[in-house]
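Thank you all for coming. I would like to go through one structure with you, starting with the whole chain and then turning to a single helix.

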Amino acid sequence: MFSAADAAFMAQAIQLAGLGRYTTSPNPNVGAVLVNNGQVIGKGYHQQAGGPHAEVFALREAGSDAAQATCYVTLEPCSHHGRTPPCAEALIAAGVSRVVVAMQDPNPQVAGRGITMLREAGIQVDVGLLEAEARALNPGFLSRMERKRPYVQLKLAASLDGRTALANGDSKWLTSEAARADVQHYRAQSCAILSTAATVMADNARLTLRPEQLLRPVSALDNGQLRQPKRVILDRNGLLDHKLALFADGGEVLLCVSKLENERQLPNIARQIHCPLTAQAQFDLPLLLEHLALREQVNTLWVEAGATLAGTLLQLKLVDELIIYLAPKLLGSSAQPLAVLPEFSALAQVPELSWSDVRMVGPDLRLSARLR
């Protein structure tokens with residue numbers, strides 16, 4: 001069904017889609033390439049939520065040459081009126097003869113309707129080219145649509161012997177400036193950052209994206225499209241004072257509480273969300289993740305917290321990816337652990353991981369792993 005040329009043009013579309021990874025949330029990253037007589041006549045990618053989609057940019061560049069062209073697009077063209085008109089209608093109006101789609105859109109508002117609309121207009125539609133690569137563009141969006149929860153990345157910083165701080169809590173700075181700058185790229189691609197009141201108070205943490213620390217070039221910096229992720233803080237006992245640095249600037253702050261307090265004094269950027277407790281008097285984290293996905297449109301959730309929350313998320317199998325910055329230091333057996341986990345009696349009970357990436361970041365190692 002697909003030729004080598006088809007694969008090459010779709011690979012271009014996938015590369016284009018990646019350019020929007022800092023700015024499209026909660027929308028997916030999408031790229032499109034228009035080809036006529038073997039020549040690329042238009043290309044585009046979705047640059048920002050609420051703005052034109054990838055197909056629109058490609059059609060604008062192609063102009064009248066789009067007639068009888070083939071459109072390669074990484075995600076099924078939309079068929080509904082949202083903040084922008086349907087891309088399927090735009091392709092039909094432009095007179096394209098064929099559309100090659102990497103994958104069907106799992107969004108219930110689309111879910112095959114765009115493909116059907118194109119076919120009913122007499123356009124040849126071929127689906128499934130480089131689908132795995134297209135899925136890899138949008139783990140958060142796909143998780144929200146298919147699993148009704150965000151894609152969860154748990155960030156940890158540890159010494160070579162797996163410790164996160166000395167026994168007295170001293171951990172500043174365990175990892176290098178390069179590692180801390182690398183974290184900013186993950187924050188920039190996340191919809192929200194999850195932490196706890198204890199973590200915030202320990203360092204008077206802001207948990208904001210700091211663009212000035214980004215080491216690698218980010219095109220979104222040029223036009224001011226970078227946005228601050230929401231800060232989601234587990235604050236069961238209402239410990240956070242409104243004068244903390246967390247509330248001074250940055251994106252919205254969501255305080256997760258077990259009981260809404262109408263009298264609580266909060267800055268304008270903060271609001272409380274109710275999260276029930278389990279029988280063990282802990283936050284119902286699966287329910288919280290569902291709320292974040294369905295009500296707050298959080299695709300990717302970046303977690304920066306202590307060993308207790310890290311261990312709980314791992315035990316509940318809510319972590320999709322571990323990002324561990326490993327410093328060339330030894331803190332000793334009395335230092336604080338990476339994650340609080342129950343005592344295991346057999347290796348068969350131990351969570352298993354698979355490495356997805358290992359690389360140097362300054363003097364530190366960055367280990368990426370997924371739970372099996």
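How far apart are the mean positions of the positive and negative charges of the protein chain? Please keep in mind that this is a predicted model; in it, the mean positions of the 35 positive and the 35 negative charges are 3 Å apart.

Let me turn to the overall build. The protein chain contains 10 helices and 16 strands, and its C-alpha atoms fill a box of roughly 70 × 45 × 40 Å when taken along the principal axes. The radius of gyration is 23 Å, which agrees with the value near 21 Å that a compact globule of 372 residues would have. Of the 372 residues, 50% are buried, and the accessible surface comes to about 17500 Å², with 50% of that surface belonging to carbon and sulfur atoms. If we take the contacts with a separation of 6 or more, 68% of them are between residues 24 or more positions apart.

Now for the single helix, which is α2, covering residues 54-62. Here Ala 54, Glu 55, Ala 58, Leu 59 and Ala 62 are buried. These residues lie on the same side of α2, because they cover an arc of only 125 degrees around the axis. And what covers them? The cover includes the strands β1 (31-36), β2 (39-45) and β3 (70-73), together with the helix α3 (87-94). Just after α2 comes Gly 63, which takes a positive phi of about 60 degrees.

Conventions. Residues numbered from 1 in each chain as written. Predicted model: local features only at pLDDT ≥ 70, side-chain atom pairs only at ≥ 80, totals over all residues. Heavy atoms only, no water. Helix = DSSP H or I, 4+ residues; strand = E, 2+ residues; numbered from the N terminus. Rg over C-alpha atoms; globule rule 2.2 N^0.38 Å. Buried < 20%, exposed > 50% of the residue type's maximum accessible area, 1.4 Å probe, protein only. Contact = heavy atoms within 4.5 Å. Areas by Shrake-Rupley, 256 points an atom, 1.4 Å probe, with all protein chains shown as cover. Lys, Arg positive; Asp, Glu negative; His and termini not counted. Charge placed at Lys NZ, Arg CZ, Asp CG, Glu CD. Arc of directions from axis to C-beta.
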